[in-house]
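Dear colleague,

I am handing over the structure below, with notes on what was found in it. Please read them alongside the coordinates.

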Amino acid sequence: MLVILIGMMGAGKTTVGREYARRHHMRFIDCDHEIEARTGVKVSTIFEIEGEEGFRRRETQLVDELTRESDLVLATGGGVVLNSDNRAMMSERGIVVYLNVPTPVLWERTRHDRNRPLLQVPNPRERIENLYRERDPLYRSVADIIVDGGRGNPGGMVRVIEKAIENFKK
Ligand SMILES: Nc1ncnc2c1ncn2[C@@H]1O[C@H](COP(=O)(O)OP(=O)(O)OP(=O)(O)O)[C@@H](O)[C@H]1O
Ligand SMILES: O=C(O)C1=C[C@@H](O)[C@@H](O)[C@H](O)C1
Ligand SMILES: [Mg+2]
């Protein structure tokens with residue numbers, strides 16, 4: 001089984017994905033962390049040197065590689081759905097889970113973190129709202145399962161996802 005988590009920055013893909021994998025004895029890979037491990041630099045540095053375009057090229061290569069795996073929980077970057085090839089690969093090859101989180105919660109979870117280049121703008125709060133408006137339809141278009149990720153703790157989210165995946169497989 002390949003489980004793919006999608007959603008906005010701060011939705012909990014990394015936190016919830018890692019916990020889901022641990023409980024199910026599956027491997028866990030976070031696309032952003034994997035790109036950082038392979039390049040030896042932070043995502044923000046790739047944005048600085050290669051632009052967003054360069055980062056997106058690396059992201060698509062990695063999605064193509066990792067969506068061929070199984071027994072894997074894959075946490076994607078928030079912008080993975082912008083590319084139609086990524087969307088096709090994800091929905092064809094895995095069970096796609098959208099962690100849908102209201103923008104005020106996303107803001108609370110990301111406001112003290114400097115690691116997200118797209119939020120290093122004068123009005124990050126407005127940026128989150130614009131990105132959500134643009135991306136929510138794309139997340140929905142590839143999702144097999146949509147969960148409300150704004151409530152409860154990561155452990156609770158894992159149990160909600162477990163049940164949803166069981167129902168989906170039936
Ligand atoms: N269900 C949850 N309840 C409360 N806090 C959460 C929950 N999920 C994640 N968090 C917290 O929100 C923050 C962001 O979570 P995380 O880094 O997992 O998001 P992400 O979706 O991987 O974001 P990004 O796309 O930027 O990598 C973390 O501090 C995490 O501890
Ligand atoms: O929402 C986005 O476009 C991004 C989210 C992060 O996970 C990183 O992949 C990068 O900062 C871009
Ligand atoms: Mg993450």
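The UniProt annotation "binding site", from an unreviewed entry, covers Gly10, Ala11, Gly12, Lys13, Thr14, Thr15 and Arg116. Please keep in mind that this is a predicted model.

Two of the annotated residues were looked at individually. Ala11 is placed in the loop between β1 (2–6) and α1. Ala11 has 26 other C-beta atoms within 10 Å and is therefore buried, the cut-off being 20 or more. Beyond its neighbours within four places in sequence, Ala11 contacts Leu99, Val101, Leu106 and Gly149.

Gly12 also sits in the loop between β1 and α1. Gly12 counts as buried because 24 C-beta neighbours fall inside 10 Å. With neighbours within four places in sequence set aside, its contacts are Leu99, Gly149, Pro154 and Met157.

On the ligand: 20 residues surround ligand 1, and Met9, Gly12, Lys13, Thr14 and Thr15 come nearest. Two elements, α1 and α7, give two or more residues to this shell. The most come from α1, with four residues. By class, the shell around ligand 1 has six nonpolar, ten polar and four charged residues.

Helices α1 (residues 13–23) and α7 (residues 154–169) also pack against each other, at an angle of about 65° and with their axes 9 Å apart. Their crossing is right-handed. From α1, the contact uses Thr15, Val16, Glu19, Tyr20 and Arg23; from α7, Pro154, Gly155, Met157, Val158 and Ile161. The residues of this contact are six nonpolar, two polar and two charged.

Regards

Technical notes. Residues are numbered from 1 along each chain as its sequence is written. Chains are lettered from A and ligands numbered from 1 in the order in which they are written. This is a predicted model: local features need pLDDT of at least 70, side-chain atom pairs count only at pLDDT 80 or more; totals for chains, interfaces and linings use all residues. Axes are lines fitted to C-alpha atoms, for helices over the stretch in contact, and angles run from 0 to 180 degrees between N-to-C directions. A crossing is left-handed if the near helix is turned anticlockwise from the far one by less than a right angle, and right-handed if clockwise. Two residues are in contact if their C-beta atoms, placed from the backbone, lie within 7 Å. Ala, Val, Leu, Ile, Met, Phe, Trp, Tyr, Cys and Pro count as nonpolar, Asp, Glu, Lys and Arg as charged, and the others, Gly among them, as polar. A residue is near a molecule or strand if its C-beta atom, placed from the backbone, lies within 6 Å of it. UniProt positions are given in the numbering used here, feature names are shortened, and annotations may be inferred rather than shown by experiment. A residue is buried if 20 or more other C-beta atoms lie within 10 Å of its own, exposed if 12 or fewer, and partly exposed in between; C-beta atoms are placed from the backbone.
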